[in-house]
Amino acid sequence: MSIAEVLFTAARFRPLSTALALAAAGVPVFPCHPDGKRPLTPSGFHDASHDHDIVRAWWATWPTANLGMPTGPASGVDVVDVDISVSGTGFAALETARSAGLIDGEALRVRTPSGGLHLYFPADPDRPQRCWQSASAHVDFRGDGGYVVVPPSSLPIGGARTAYRVCALNSTTPHPIDAAALRQLIDPRAQVPSRPTGHGIAEPSRLAAWLSHLQEGERNHGLFWAACRLAEAGRPIKDIEDSLTAAAISVGLDEREIAITIRSASRRVGAQAPPPAARWREPEPPSGRANEAPCLR
């Protein structure tokens, strides 16, 4: 079954059943707090798995957990999140994008408990797209390094539990969205500082200065990228935390989130470490993928 088919039938089941159905389709999942969107596993969405034994063990530990799914290459799905809050709504921006022909290839639409929308698009495996957030337009993009909470998860709204639910399926063949074009249309002023490159890329003060200028939607992904560079340079977790924590706090990340992201970066680099005889060289950012990094929720 496809993700769209699994989620379309999710309203009849509990999160565990949908989690196992997604896992059977090769889609990694993870448990989230039953009253929110925060992952319950130590490394958050980085722990996502499609192993049935792991998934069953998670829901045996947290039987009322909501269901999270990573976006981007991990699941093959990108999501446009149209938000509704006391500060405004993203539906005006959605209509602008629809009129411009940028929102016409989604596979399905999910109504969120707040009344917003999640629009699911197939991710292009040859062109991963990083996450971003537009606070002014009330629209977020969940791509490479992000995640969403999926049906039949629910949240407490106004004294009652309200579920995520599929509200529309596309009858035509879906196609990937151009996230950069969408962002330029609805938030043309958004700018992200370029990543450090070249000699001294792993210099702590340089990375901290770059991190301190990141905006909402780029911060956690930027912290992960900077922590990876320091881990690749052979610095222990304590040194990485000392180098980057203050800058990460200054842009709004909390200390728990910072610690989780740095540990995750260190583990990833350690798992990819070359044999002892190999010589470390300072890496250049991947061509054509500047400013990528993981984002949350």
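Does Cys 167 count as buried, exposed or partly exposed, and at what relative accessibility?

**View 1. Two cysteines in a predicted model.** Cys 167 counts as partly exposed, at 35% relative accessibility, while Cys 228 is buried with a relative accessible area of 5%. Here buried means under 20% relative accessible area, exposed over 50%, and partly exposed in between, using a 1.4 Å probe and protein chains only. The count of disulfides (pairs of cysteine sulfur atoms within 2.5 Å) comes to 0. The model is predicted, so to speak of local features needs pLDDT of at least 70, side-chain atom pairs count only at pLDDT 80 or more, and totals for chains, interfaces and linings use all residues. Residues are numbered from 1 along each chain as its sequence is written, and side-chain values use heavy atoms, leaving out hydrogens and water.

**View 2. The largest nonpolar core.** A nonpolar core is a set of buried Ala, Val, Leu, Ile, Met, Phe, Trp, Tyr and Cys residues joined through side-chain atoms within 4.5 Å. This one has 32 residues, and Leu 7, Leu 22, Met 69, Leu 108, Tyr 120 and Val 150 touch the most other members. Elements that each supply at least two residues include helix 2 (15–24), helix 3 (52–61) and strand 2 (66–70); helix 1 gives the most, with 4 residues. Helices (H or I, at least four residues) and strands (E, at least two) are DSSP runs, numbered from the N terminus.

**View 3. Another core.** Apart from the largest core lies another, of 24 residues, with Leu 230, Leu 253, Ala 265 and Val 269 among them.
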